[in-house]
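Welcome! Here is a short tour for anyone meeting this structure for the first time.

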Amino acid sequence: RTRMINLPHAGWVRSVRTQKAHIFLHVNDGSSLQSLQVVAGAELNDQLLTFGSAVEVTGILKKSPHQKQAVELEAQRIHVIGECDPVDFPFKIKERHNLEYLRQFPHLRCRTNAFSSLLRIRSEATAAFHSFFKDNGFVQIHTPVITSNDCEGAGELFQVEPSSVGDAHREFFFSVPAFLTVSGQLHLEVMSGAFSRVYTFGPTFRAENSQSRRHLAEFYMVEAELGFLRSLNDLTKVMEDMFKSTTEQVLARCVEDVDLFHSKEVFFKALNVILSTFRMSYSEAVEILGRSTENFTFPWGCDLKTEHEKHLVKHCGNVPVFVTDYPYRLKPFYARANQDPPQNTAAAVDLLVPGVGELCGGSLREERLDVLTAHLEDAGLEDTYDWYLDLRRFGSVPHGGFGLGFERFLQCVLGVDNIKDVIPFPRYSHSCLL
Ligand code: 4AD
């Protein structure tokens, strides 16, 4: 069947091929990887119809004689809306530029197949996380971007002040020092005291002076908090269910875009791997590292570094690994202390995944008022966190939660090496382009 398109088909030219009597274009509007093939008589050929130019095409949509596409547009009129000089345009027709090259053009890279696929997958993954939480009875909370707390206590805060600094002795804008959030956890804990299951998914900021392939200064974190939660097992079950359901949804709904990163076989193999998980305690991890042939010197009490995480994942057959019960002193003040002297561990867990390392960090939270007060006093924080102690004074329940680095999730599922390639506009030390 043929039909007249009333509204012109609008998009950007992805390819141009001319024959004696005809011109063939592929026009892509960004909604999918598929471009619409446009066939036009040579008389419609226009010097300005170049790779990257923006066009509006009016014509008749017909069943295509070619197997590759179901339909093609027989053009009656082609209007070049925005020209694109092929000499100056940094992307060349038929060339597959690598992600590192594309990174130099943060304002233009979304015009390429690879990066537009990535951003469509990112959008679908966002929806997948929201649907997981909706289907499992979580209430979404918009936690603040500006906050006066340092949830992680790791000293990686960006301070917020108006740009008109002027007098160095004037008061803080908010009367107290204020920062960009490093985690919405404490606000979620407030809310889990009323809604039981809550989550947040938003921008998170860390002044990490790192150029690594898995750190950004601004990234998106998915965080969940569950009231009436009594064991790490129950927490890791939610983390695992979330990881599986979102991975499956992304892979099922973005087949064509994902295909650009993985061949189908690799992709399904990766999926099987991703969907089986392994669990070990921190103490077991120390033993495994001690026995390895890689000569790690890793005494009990040290924090796992990237190379240790990699080794543990490899040791388990390249599947995601939950590492539980870390030394208490490695974890922030909110982590629940296990009753296991002399080890003194915390009911905390990290999820390590192939290719990336740490993807999620979580813990049971210290809900016992006396224990928490003592910990805060030790850290000299009891006044700062008096409101946090109130949560334990009034209707306190055992609870726990976790945070997942959204960009690291995309890296893991797509096998993308550098975190800067899975976010529209990456921010990292010495780089804030656009
Ligand atoms: O392990 P983290 O620091 O955990 C927290 O912030 C908890 N308060 C979360 C919670 O329990 N609600 O961070 C969680 C995850 C990490 O596992 C990592 O995937 C990601 O956030 N992440 C980063 N991703 C990109 N760039 C950075 N600089 C990151 N820092 C952490």
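To follow the tour, it helps to know that helices (at least four residues) and strands (at least two) are DSSP runs, numbered from the N terminus. Please keep in mind that this is a predicted model.

**Around the ligand**

Let us begin with the ligand, which is surrounded by 22 residues. The closest are Ser183, Gln185, Gly361, Gly403 and Gly405. Which elements each supply at least two residues of this shell? They are the strands β11 (218-227), β15 (357-364) and β16 (399-405), together with the helix α11 (406-414). Of these, β15 gives the largest share, with 5 residues. Sorted by class, the shell holds 7 nonpolar, 8 polar and 7 charged residues.

**The sheet**

Strands of a sheet pair through backbone hydrogen bonds, either parallel or antiparallel. Here you can find an open sheet of 8 strands with mixed pairing, in the order β7-β10-β11-β16-β15-β14-β13-β12. At its edges lie β7 (139-140) and β12 (278-281), each of which pairs on one side only. The ligand shell's contributors β11, β15 and β16 are among the strands of this sheet.

Now look at β13 (residues 321-327) and β14 (residues 345-353): these two strands run antiparallel and are joined by 6 bridges. Across from Tyr326 stands Ala346, in β14.

**A helix on the sheet**

Helix α7 (residues 282-291) packs on the sheet, where it touches β12, β13 and β14. The direction of α7 makes about 105° with that of β13. Which residues of α7 are buried? They are Tyr282, Ala285, Val286 and Leu289. Because these residues cover an arc of only 100° around the axis, they lie on the same side of α7. Their packing partners are β12, α8 (306-315), β13 and β14.

**Two residues with positive phi**

Most residues other than glycine have a negative phi. The table shows two residues other than glycine where phi is positive.

| Residue | Phi | Place |
|---|---|---|
| Ser175 | near 70° | loop between β8 (146-147) and β9 (179-180) |
| His430 | near 70° | segment after α11 |

Are these residues buried or exposed? A residue counts as exposed if 12 or fewer other C-beta atoms lie within 10 Å of its own. Ser175 has 8 such atoms within 10 Å, so Ser175 is exposed. His430 has 7 other C-beta atoms within 10 Å, and therefore His430 is exposed too.

Technical notes. Residues are numbered from 1 along each chain as its sequence is written. This is a predicted model: local features need pLDDT of at least 70, side-chain atom pairs count only at pLDDT 80 or more; totals for chains, interfaces and linings use all residues. A residue is near a molecule or strand if its C-beta atom, placed from the backbone, lies within 6 Å of it. Ala, Val, Leu, Ile, Met, Phe, Trp, Tyr, Cys and Pro count as nonpolar, Asp, Glu, Lys and Arg as charged, and the others, Gly among them, as polar. A residue is buried if 20 or more other C-beta atoms lie within 10 Å of its own, exposed if 12 or fewer, and partly exposed in between; C-beta atoms are placed from the backbone. Two strands pair if DSSP finds at least two bridges between them. Two residues are in contact if their C-beta atoms, placed from the backbone, lie within 7 Å. Axes are lines fitted to C-alpha atoms, for helices over the stretch in contact, and angles run from 0 to 180 degrees between N-to-C directions. The arc is that of the directions from the helix axis to the C-beta atoms.
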